[in-house]
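Visitor: I'm new to this one and would like to go through it piece by piece. Could you show it to me before I start asking things?

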Amino acid sequence: MRSMPLTLKFSLVCLAVGILGASYALHALVQEESELLDGVVDLHVHAGPDSRPRSVSDLEAARGASEAGMRAILLKNHFTMTADRASLAMDQVDGLEIFGGVVLNRAVGGINPEAVRQMVEFSGNRGRVVWLPTFDAEWYVKNVGEGGTAFVPIIQNGSPVPEVLEVFSLVAEHDLLLAMGHSAPEEVLALIPEAKRLGVQRILVTHVFSQGATKEQMQQMASENAIMEIDWLAVLNGSRSITDYTMAIREIGAEFFVMSTDLGQEGNPLHPEGWRAYIGAMREAGVSGDEINMMSRRNPARLLGLDPW
């Protein structure tokens with residue numbers, strides 16, 4: 001039998017090496033994809049039941065996050081408390097921290113200190129966040145609102161309303177996270193020093209770009225050690241771009257931002273899908289792995305009290 005030509009042997013060896021290399025590369029890619037969301041914390045998860053159409057229930061959102069390897073999610077509803085819902089979900093889903101809070105819109109009485117007191121007393125201890133008004137914020141009603149004119153004031157005659165200061169004291173007493181809701185940047189900048197004066201340790205500026213904060217205003221917020229949220233929904237619906245975010249990260253620093261999805265709307269991608277697209281877009285835009293880790297894992301975990309600051 002004639003021996004195989006040397007050139008053919010070489011070609012077959014190269015082919016085998018190439019196939020083996022491709023197999024290893026594919027395995028590494030699959031492994032990386034499966035671990036992409038390990039340890040991620042989402043501070044902006046919408047789910048049902050709700051008075052607005054949602055793509056998933058609390059349990060479905062929690063199970064999806066757990067299966068994706070995420071560390072924690074924060075359930076947000078504009079009209080009702082979510083601490084109790086988070087506790088129920090925690091009983092059903094393993095391997096995931098689930099938190100809730102209360103948004104101080106008109107549905108819970110506006111700036112209602114009693115709503116905060118009751119939230120922290122609920123069994124399960126999953127109430128971790130107080131949001132100032134969102135859909136009922138003055139800025140939102142006047143700039144984005146859906147036809148109504150009633151809003152919940154947080155500043156009158158240049159000073160915080162007394163109930164706001166009482167809420168800040170409760171947030172400090174119970175070591176909660178204070179989120180600024182849909183307040184105007186000017187209101188945020190006026191309220192942060194008051195919150196800090198009363199002992200609030202952790203402050204989140206809710207999707208800072210959506211209320212039109214300027215670069216200078218964001219720099220002022222950072223100088224007060226507030227953390228600013230940049231959400232995927234705003235990119236998905238075209239109101240913001242990844243470039244907007246990356247410019248702010250470069251100029252102010254990743255340590256002052258958290259990434260979130262703000263997903264859960266009917267017809268939109270599910271939260272893990274949104275996270276994969278978001279991280280991919282950030283990588284493509286040149287944001288480093290360390291910066292993504294800071295904004296998607298370390299900062300949100302610290303804000304929820306999961307890790308020390």
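Visitor: Let me start with a proline: in which loop does Pro49 lie?

Guide: Before anything else, please keep in mind that this is a predicted model. Pro49 lies in the loop that runs between strand 1 (41-45) and helix 2 (58-67).

Visitor: And what kind of peptide bond joins Gly48 and Pro49?

Guide: The bond that joins Gly48 and Pro49 is a cis peptide bond, with an omega of about 0 degrees.

Visitor: Okay, stepping back, how many helices and strands does the protein have?

Guide: The protein has twelve helices and ten strands, and of its 309 residues, 50% count as buried. If you take the contacts with a separation of 6 or more, residues 24 or more positions apart account for 74% of them.

Visitor: Let's pick one helix, then. What is there to see in helix 7?

Guide: Helix 7 has a kink of about 25 degrees at Leu191, shortly before the proline Pro193. Its buried residues are Pro185, Glu187, Val188, Leu191, Ile192 and Ala195, and just after the helix comes Gly199, which takes a positive phi of about 105 degrees.

Visitor: What span should those residues of helix 7 have, and how far apart are its ends?

Guide: Helix 7 covers residues 185-197, and at 1.5 Å a residue its 13 residues should span 18 Å, because the expected span counts one less than the number of residues. The C-alpha atoms at its ends are 19 Å apart, which agrees with that expectation.

Visitor: You mentioned a positive phi there. Which residue other than glycine has a phi near 65 degrees?

Guide: That is Asn225, whose phi is near 65 degrees, and it lies in the loop between helix 8 (215-223) and strand 9 (227-231). Asp175 also has a positive phi, of about 55 degrees, although it is not a glycine, and it is found in the loop between helix 6 (162-173) and strand 7 (177-179).

Visitor: Is Asn225 buried or exposed?

Guide: Asn225 is exposed, because its relative accessible area of 56% is over the 50% cut-off. Asp175, with a relative accessible area of 42%, is partly exposed.

Visitor: What about Ile227, where is that found?

Guide: Ile227 is found in strand 9, and with a relative accessible area of 2% it is buried. Not counting residues up to four places away in sequence, it touches Ile203, Leu204, Val205, Glu255, Phe256, Phe257, Val258, Leu303 and Trp309.

Visitor: How far apart are Ile227 and Phe257 in space?

Guide: Measuring from C-alpha to C-alpha, Ile227 and Phe257 are 5.3 Å apart, although 30 residues separate them in sequence. For another pair, the C-alpha atoms of Ser223 and Phe256 are separated by 9.3 Å, and these two are 33 residues apart along the chain. Ser223 lies in helix 8 and is exposed, with a relative accessible area of 56%.

Visitor: Changing topic, how much space lies in the largest pocket?

Guide: The largest pocket holds about 420 Å³ of space. It is lined by 24 residues, and those closest to its centre are Phe135, His182, His207, Leu233 and Asp262. The elements that give two or more residues to this lining are helix 5 (138-143) and helix 9 (232-236).

Visitor: And what classes of residue are in the lining of that largest pocket?

Guide: By class, the lining of the largest pocket has eight nonpolar, ten polar and six charged residues.

Visitor: How many cavities of 30 Å³ or more does a search of the whole structure find?

Guide: The search finds one cavity of 30 Å³ or more, and the volume of the largest cavity is about 30 Å³. Its lining is made up of Leu43, His44, Lys76, Trp131, Leu204, Thr206 and Glu229, which by class gives three nonpolar, two polar and two charged residues.

Visitor: One last residue: which residues is Thr82 in contact with?

Guide: Leaving aside its neighbours within four places in sequence, Thr82 is in contact with Leu75, Lys76, Asn77, Gly100 and Gly101. Thr82 is found in the loop between strand 2 (72-75) and helix 3 (83-92), and it counts as buried because its relative accessible area of 1% is under 20%.

Definitions and conventions. Residues are numbered from 1 along each chain as its sequence is written. This is a predicted model: local features need pLDDT of at least 70, side-chain atom pairs count only at pLDDT 80 or more; totals for chains, interfaces and linings use all residues. Side-chain values use heavy atoms; hydrogens and water are left out. Helices (H or I, at least four residues) and strands (E, at least two) are DSSP runs, numbered from the N terminus. The bend at a residue is the angle between axes fitted to the seven residues ending there and the seven starting there. Buried means under 20% relative accessible area, exposed over 50%, partly exposed in between (1.4 Å probe, protein chains only). On a 1 Å grid over the protein atoms alone, a cavity is a set of points where a 1.4 Å probe fits but cannot get out, and a pocket is an open set with protein on both sides within 12 Å along at least five of seven lines; lining residues have an atom within 4 Å of a point. Grid points are joined across faces, edges and corners, and a volume is the space filled by probe spheres set on the points. Ala, Val, Leu, Ile, Met, Phe, Trp, Tyr, Cys and Pro count as nonpolar, Asp, Glu, Lys and Arg as charged, and the others, Gly among them, as polar. Contact means heavy atoms within 4.5 Å.
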